[in-house]
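Visitor: I have a structure to look at, and I am new to this. Can we go through how to read it?

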Amino acid sequence: MPVQEYGIVERLRGSRVWRSVFRSGTGTSTLHRSLAVQQNIFLHLFATKVRKRMIRFNVTWFLGTLTLGTFFILVITGVLLMLYYHPSVPQAYADMKDLQFVVSSGLFLRNLHRWSAQAMVFLVFAHMFKVFYRGAYRTPREFNWVIGVVLLIITLLLSYTGYLLPWDQLAFWAITVGSNLSSTVPLIGNKIHFLLLGGNQVNANALLRFYVLHCVVLPLAAIIFIAVHFWRIRKDGGLYVQQSEPKMKAVDDAALATTEVK
Amino acid sequence: MSEPKDFIAGVDSDQRRSPTRVVFVTRRTSAQVKVTHEDEVQTFPEVLFRAALIIELLAVVLVVFSLLFNAPLEGIADASHTPNPAKAPWYFLGLQELLHYFPPVVAGVLVPTLLILALVVIPYFDVNIEATGLFLVHRQKRLRIFYVAAVSLLLFLMLFHVYVAVVPTVIVAIAIVIAANSTLESPHRFRRYLASKPLAYWIMTWFLFELIVLTAVGTFFRGPGWSWVLPWRS
C-alpha cells in the first residue's frame, strides 16, 4: 500500500511500531474495519457491524453510552480525588476543605465527581426504563436485563458508599438513616448492620469500609459486569430491533422493494 | 444415513455483505422469514465515533455544570447533633417517604427486595412475553380483575394514609380504563397506543410514576419531622 499518499496519521498507522500494537493494520476496507474491532481486546466485546437504524438517536437516546461516559468521568476524577483524600476521622473532612481552598481545581474536581455520580444514577434508571419501553428485555436478552439490574444495584451502592466519604453532616446522617434500615432485617439485622459499619454506629471504621468498597470492590465489580453486559449485546444478537412496529416495517418493506427492483 | 433426504437446501451468497449462507428447511415446517435484510454499518468507525462524540458532549455539559454549581458540603459530621430532617441521598428518598407510612422492615427491607426480584423476573414472566394489548383478549374477565386490584390497592394506600401514592395510582388506573375502552382501530392515535399496551407496560408505568412522585415529595416537600412543606415557601 502506498502510504506516502496519505497524511501523517496514515503514515503513523502504517509504521512498524503501530502495527505491532494494532494488528488490524491500515485501510478502510470492510475487512480492516471489522478487524479493528475484532482484534482489540476491549472492542471485541462489540459486534463488528450494527444495524443502521439502531444508531439513530431516538431509538436508544444513547442512554447506555451516556451511562458509560459518566462512569469514565467518575473513574478519572475519582482516582485524582484519591490523591488528596485520607479515609480517617476527622482528616477526611479536612481534606474536603483542602480541596475547596488549597488544592488547585480541587473544588472543580469534587464538583465534577459529585454531579457525574448523580447523573450516572439518573442515567442508569433512564436507561432501564428506555430498555423496558422498547421491549428490548425480551427473549433472548433476558439475562442481559438481569445483568443490568445487577449494575443498577452496583451503581446505587457506589453512589451510596461515596456519599459518606466527605464526612460532613449530610454524609453522616444520610448513611445513618440508610444503614439503620439494615438492622430491621429479621433475625440477622443487627449482624448485617455491624458488618456494614464495623461498629454499632457510623464511625471511623464505617468510613474505612465504605472507602474500600467505593474505591476498590464496587468499581471492580462494575467493570466486570459492564464487560459482560456489553459482550452479551453481541451474543444476544445485537441491539433489539422492534419488528412489530407497523410503521417501521412498512418503511423497511418499501426500501426492500426498491432494492429488489434495482 | 441411507434414508431419502427429508429437507430442502438453499444457498444464498452476497459476498459484499455477509459470508455464504446455507439454509436447510425440513419438510414439515415452513420457513418463516422474519428479517430479510437490514442495512448495517461498521462499528468502527461509525458507531464508536458517535459514542465518543456523545460522551464528549456529556463531559462538556458536566464540566460546565461543575463550574457553575458547587457540590454541597455541610459542617463536619457530629453524632450528637441530628439535623431535622435527616435525609438519605435523593434516589433513596422514595423509600424514605415510604418509611414514613410503613414499619421499617416493610419500607426498608421488604419493598426493596420485592422491587429487585420483580425487576429480575420481568423477562422471565410469561405475561411479559405476550406483547399484545391487555384487554384485546378476555376483556370482561380482565377488566373485572383490574377493578378489584385497583380498588384494593387504593384502599390499602388510603388505610396507611399514603395519599401521595394515590395520585399516580389514580392516573394510571384512568389510563387503563381508557385503554380497556379503546381498540387498535380507534381514530385517536393515543387511544390506539394505550390499547396496544400489555400488562407489564402498565405495571412498569405505575412503578415509574410512583418512583417519580415519591422521590419528588421526599426531596422537595418534606421538612422538619418529615412534615409537609412547600419548597417555594421556606
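Visitor: Let me start with one helix. What covers the buried residues of α3(B)?

Guide: First, note that this is a predicted model. The cover of the buried residues of α3(B) includes α8 and α9 of chain A, together with α2 (93–99) of chain B.

Visitor: Which residues of α3(B) are buried?

Guide: B:Ala107, B:Gly108 and B:Leu119 are buried in α3(B). Here is a general idea for reading any such list. An α-helix has 3.6 residues a turn, so residues three or four places apart point the same way.

Visitor: How many Å should helix α3 of chain B span?

Guide: Count residues, then use the rise of 1.5 Å a residue. Helix α3 of chain B, residues 104–121, has 18 residues, so the expected span is 26 Å. Its end C-alpha atoms are 25 Å apart, which agrees.

Visitor: Where does α3(B) bend?

Guide: Look at B:Leu110. The bend there is about 30 degrees. A proline, B:Pro112, follows within four residues.

Visitor: Now the whole chains. How many helices and strands does chain B have?

Guide: Chain B has 8 helices and 3 strands. Read the order from the N terminus: β-β-β-α-α-α-α-α-α-α-α. Chain A has 12 helices and 1 strand. Its pattern along the sequence is α-α-α-β-α-α-α-α-α-α-α-α-α.

Visitor: How much of each chain is buried?

Guide: In chain A, 34% of the 262 residues count as buried. In chain B, buried residues make up 16% of 234.

Visitor: What do contacts tell me about distance along the sequence?

Guide: Set aside the short separations, then ask what share of the rest is long. In chain A, take contacts between residues at least 6 apart; 63% of these join residues at least 24 apart. In chain B, for contacts with a separation of 6 or more, residues 24 or more positions apart account for 51%.

Visitor: Which domains is chain A divided into?

Guide: Domain 1 covers 3–45, and domain 2 covers 61–261. Their centres, taken over C-alpha atoms, are 34 Å apart.

Visitor: How many residues of chain A are in contact with chain B?

Guide: 69 residues of chain A are in contact with 57 residues of chain B. Next, ask which elements supply them. In chain A, α3 (30–38), β1 (49–51), α5 (63–82), α6 (91–101), α7 (106–134), α8 (142–164) and α9 (169–182) each give at least two residues to the side that touches chain B. The largest share, 12 residues, comes from α7(A). Then sort by chemistry: the side of chain A that touches chain B has 42 nonpolar, 18 polar and 9 charged residues.

Visitor: Which strand of chain B pairs with β1(A)?

Guide: β1(A) pairs with strand β3 of chain B, residues 40–42. The sense is antiparallel, over 3 bridges. Within this pair, A:Arg51 stands opposite B:Glu40 in β3(B).

Visitor: Let me try a single residue. Is A:Met96 buried or exposed?

Guide: Count the neighbours. A:Met96 has 23 other C-beta atoms within 10 Å, so it is buried; the cut-off is 20 or more. A:Met96 lies in helix α6 of chain A. Leaving aside neighbours within four places in sequence, A:Met96 is in contact with A:Pro166, A:Asp168 and B:Leu73.

Visitor: Where are the cis peptide bonds in A:Val89–A:Pro90 and B:Phe44–B:Pro45 placed?

Guide: Read omega, then locate the proline. From A:Val89 to A:Pro90 the bond is cis, with omega about 0 degrees. A:Pro90 is in the loop between α5 and α6 of chain A. From B:Phe44 to B:Pro45 the bond is cis, with omega near 5 degrees. B:Pro45 is in helix α1 of chain B, residues 43–68.

Visitor: What is phi of A:Leu187?

Guide: Phi of A:Leu187 is near 70 degrees, a positive value in a residue other than glycine. A:Leu187 sits in the loop between α9 and α10 (189–197) of chain A. With 7 other C-beta atoms within 10 Å, A:Leu187 is exposed.

Visitor: And what about B:Trp226?

Guide: B:Trp226 also goes by phi: near 55 degrees, positive, and not a glycine. B:Trp226 is in the segment after α8 (199–220) of chain B. With 16 C-beta neighbours inside 10 Å, B:Trp226 counts as partly exposed.

Terms used: Residues are numbered from 1 along each chain as its sequence is written. Chains are lettered from A and ligands numbered from 1 in the order in which they are written. This is a predicted model: local features need pLDDT of at least 70, side-chain atom pairs count only at pLDDT 80 or more; totals for chains, interfaces and linings use all residues. Two residues are in contact if their C-beta atoms, placed from the backbone, lie within 7 Å. Ala, Val, Leu, Ile, Met, Phe, Trp, Tyr, Cys and Pro count as nonpolar, Asp, Glu, Lys and Arg as charged, and the others, Gly among them, as polar. Two strands pair if DSSP finds at least two bridges between them. A residue is buried if 20 or more other C-beta atoms lie within 10 Å of its own, exposed if 12 or fewer, and partly exposed in between; C-beta atoms are placed from the backbone. Domain bounds come from an automatic or database domain assignment. The expected span of a helix is 1.5 Å times one less than its number of residues. The bend at a residue is the angle between axes fitted to the seven residues ending there and the seven starting there.
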